[in-house]
Amino acid sequence: MTAADTHCPYCALQCAMTLTATPDGRLPVEVSGRDFPTNRGGLCKKGWTSAELLARGDRLTAPLMKQADGSFAEASWDEVLDRIADSVLTLREEHGPDAIGVFGGGGLTNEKAYQLGKFARIALRTRLIDYNGRFCMSSAAAAANRAFGLDRGLPFPLADLDTADTVLVLGSNMGDTMPPFVQHLQGARAQGGLIVVDPRRSTTARLADDGAGMHVQPVPGTDLALLLGIAHVVIAEELYDRDYVDERTVGFAAVRRSVASWWPARTESVTGVPAETIRALAQRLAGSSSAYILTGRGVEQHVDGTDTATAAINLALLLGLVGRPGSGYGTLTGQGNGQGGREHGQKSDQLPGYRKITDPAARAHVARVWGVDPADIPGAGVPAVQLLARCGVDDGVRMLMVHGANVVVSAPDVSQVRAALGRLDLLVVSDFFLSETAQLADIVLPVLQWAEEEGTMTNLEGRVIRRRRAAAPPPGARSELWIMRELAARLGAPGTWSLDPAEVFDELARASAGGLADYSGLSHALLDTGAEAHWPYPAGSSGTPHLFRDRFAHDDGRARLVAVRSRRQETPRGSELSLITGRLLTHYQSGTQTRRVAELNDPTPRIVAQLHPVTARDRGIAAGSRIRLRNVRGVVDAEVAVTEDIRPDTVFLPFHYAGAESANLLTSAKTDPHSSMPEFKNAVVTVEAIAGAE
């Protein structure tokens, strides 16, 4: 038997595992946990069952082409690649290069994410590329960039949390989404300092029971007001770190004015959080010798998500936490390579190394690495929601290539997305299963799974890690690197298009050199030694596990305190409820993988809504019955679970299900003005029993 040390294919915790395979690389593959700073040998149910995906009978093993009757037929690689290339050339000639769009994914390796950005810009020659990380980390990234000048989810190693006496968690349920994370909260729990802000009494919120901390349950969509109220107390009671604020920040006066009107009683009237709780939160954070503030999608996936994340950063800066040993602020990256996927060119406005595509110096540097003229690199495109909205409209996108995403489940207001994809001249989807998006495609390209490829990922700490091959892929599947090389040749694209992930990584490293996310000192060979590799990792360095110890990434070295204000969001009226969405323990993202694993899917095979007993009683709804959720965008029918773990004014749906059970039939495509993050986490719905349903 042979063994390969690698990492889990799911979330950004990137738990270490060892895969043991037969000598010829054929299945089955056995999974075992491996000691690593993030997971310390532990895995969640998703990790333990991950190898089952490799042996699925519905694995895509040959290219597929849609037939006139809507069915698929297998085709040769030459046939599908020739058709794609011919379509690109024809559409470019007739409509210009922006008739072609690319939608990437936060699960692609660094090598594939980098190469996809390069492929879009110099092979397809389009500026229209974005990715599903826009639905995940964009608000947190926008807030960190304007406050610190740099965005890395956790600017410290995760293990630093072990010794904290206070951890404030806003909008994250890591007890379900990344269970091995919870061990890093035990120190805070032992000190009674785990504070969880969530409208639901989630798995993570329950960790604060029995003296381990506090669960704060605000009205949905009022997290920003709550943070402004806590900051008010910190300033009014002079709990802030005056020396730190004076020496390491700018903008204090404006922030002080902006929170002056958020006294505890007013904050209580908006958030429902008692005034005494707000004061206690401020005092606990200020009185802790080791405190951390962590944010997640629950407070970020809103039209004011950037401002909410900014308010959390402001609070951390006022308390002097950021960059101080034993304390800090961070945001929890969700997708497996959500961090690396946004650093090297998938975002519409960025080039590798987190460079701005509008910066002439950045364009010149990357152009030298790519072997092109800077003028040949297109300008900024549009973010994901706008990119999808352009599909199939006059003077819009006529052909879309999708890599590592399932947008007809994961995008907001998915009815509109499905309609948009249906209007395209050509939809090309690369996947290893026939996902719901692939089912709509004209061409489906079978690609490799995680254990069949070499590469790198970047986890939630900004730690670059190695993904290693442990199993042979089906003969008909191909790496995206191969697909891009073949298409680049057909399109006459300049530059090199290596099939060796190590060579692609070396080019990525050169392209990132001098950028904020500098990988220039890294290589597969170095990572194979087991070296800790937190970026920035310039050539000649040993990496940066702790950011901001001495200075921030702005030219003057100071962080920006940015005044933000709470704006009234869409709120329920009459009998309406606030809909919030989230993840389940046994599922991941759009469910393409987890809904195919019996051990994961069987406990929750259908969508189930959570309602408070009072809410259910008032509507004549019984536990286990069927209900209908409705708003102007769509309708979802679901079984109901009645629980006191949710507020009476709120209903919860998981977002892993497809078709008529997609929670995103109800969510809004309205976006944050700074980050273009959609309003996933707060919609207004009516809820009623379905007559005659059992």
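Helices (H or I, at least four residues) and strands (E, at least two) here are DSSP runs, numbered from the N terminus. Keep in mind that this is a predicted model.

## Exercise 1: the largest pocket

Find out which helix and strand help to line the largest pocket, and what kinds of residue the lining holds.

**Solution.**
- Start with the volume of the largest pocket, about 450 Å³.
- Next, look at the lining, which is made of 19 residues. Nearest the centre of the pocket are N145, D349, Q350, Y354 and K356.
- Now trace the lining back to its elements. At least two residues each come from α4 (138-148) and β15 (355-356). Helix α4 gives the largest share, four residues.
- Finally, sort by type: eight lining residues are polar, six are charged and five are nonpolar.

## Exercise 2: one helix, two views

Work out how the length of α12 compares with the expected value, and which of its residues are buried.

**Solution.**
- Helix α12 runs over residues 275-287, which gives it 13 residues.
- From first C-alpha to last, α12 reaches 18 Å, close to the 18 Å expected at 1.5 Å a residue.
- For burial, pick out A275, T277, I278, L281, A282 and L285 in α12.
- To read that list, recall that an α-helix has 3.6 residues a turn, so residues three or four places apart point the same way.

## Exercise 3: into the core

Which residues have the most contacts inside the largest nonpolar core, and what does I293 touch?

**Solution.**
- The largest nonpolar core has 159 residues, and F148, F181 and I293 have the most contacts inside it.
- Helix α8 (residues 223-236) brings ten residues, the largest share of this core.
- Take I293 next. Leaving out residues up to four places away in sequence, I293 touches L168, L170, L285, A312, L315, A316, L321, G328, Y329 and G330. One of these, L285, is also on the list of buried residues in α12.
- Another core lies apart from the largest one; it has 56 residues, including V385, A405, F652 and L666.
- As background, nonpolar side chains in soluble globular proteins tend to be buried together.

## Exercise 4: a charged residue in a loop

Is R59 buried or exposed, and which residues is it in contact with?

**Solution.**
- First, place R59: it sits in the loop between α1 (45-48) and β4 (64-66).
- R59 has a relative accessible area of 8%. The cut-off for buried is under 20%, so R59 is buried.
- Setting aside neighbours within four places in sequence, the contacts of R59 are L54, F432, F433, V447, L448, Q449, E452, P474 and A477.
- Check the chain positions too: R59 and V447 are 388 residues apart along the chain, yet their C-alpha atoms are separated by 9.8 Å.

## Exercise 5: unusual backbone angles

Where do R40, E238 and P536 lie, and what marks out their backbone?

**Solution.**
- Begin with the usual case: most residues other than glycine have a negative phi, and most peptide bonds are trans.
- R40, in the loop between β3 (30-33) and α1, has a positive phi near 50 degrees. Its relative accessible area is 37%, so R40 is partly exposed.
- E238 lies in the loop between α8 and α9 (242-248), and its phi is near 55 degrees, also positive. With a relative accessible area of 56%, E238 is exposed.
- P536 is in the loop between α23 (524-527) and β21 (559-560). A cis peptide bond, with omega about 0 degrees, joins W535 and P536.

Key: Residues are numbered from 1 along each chain as its sequence is written. This is a predicted model: local features need pLDDT of at least 70, side-chain atom pairs count only at pLDDT 80 or more; totals for chains, interfaces and linings use all residues. Side-chain values use heavy atoms; hydrogens and water are left out. On a 1 Å grid over the protein atoms alone, a cavity is a set of points where a 1.4 Å probe fits but cannot get out, and a pocket is an open set with protein on both sides within 12 Å along at least five of seven lines; lining residues have an atom within 4 Å of a point. Grid points are joined across faces, edges and corners, and a volume is the space filled by probe spheres set on the points. Ala, Val, Leu, Ile, Met, Phe, Trp, Tyr, Cys and Pro count as nonpolar, Asp, Glu, Lys and Arg as charged, and the others, Gly among them, as polar. The expected span of a helix is 1.5 Å times one less than its number of residues. Buried means under 20% relative accessible area, exposed over 50%, partly exposed in between (1.4 Å probe, protein chains only). A nonpolar core is a set of buried Ala, Val, Leu, Ile, Met, Phe, Trp, Tyr and Cys residues joined through side-chain atoms within 4.5 Å. Contact means heavy atoms within 4.5 Å.
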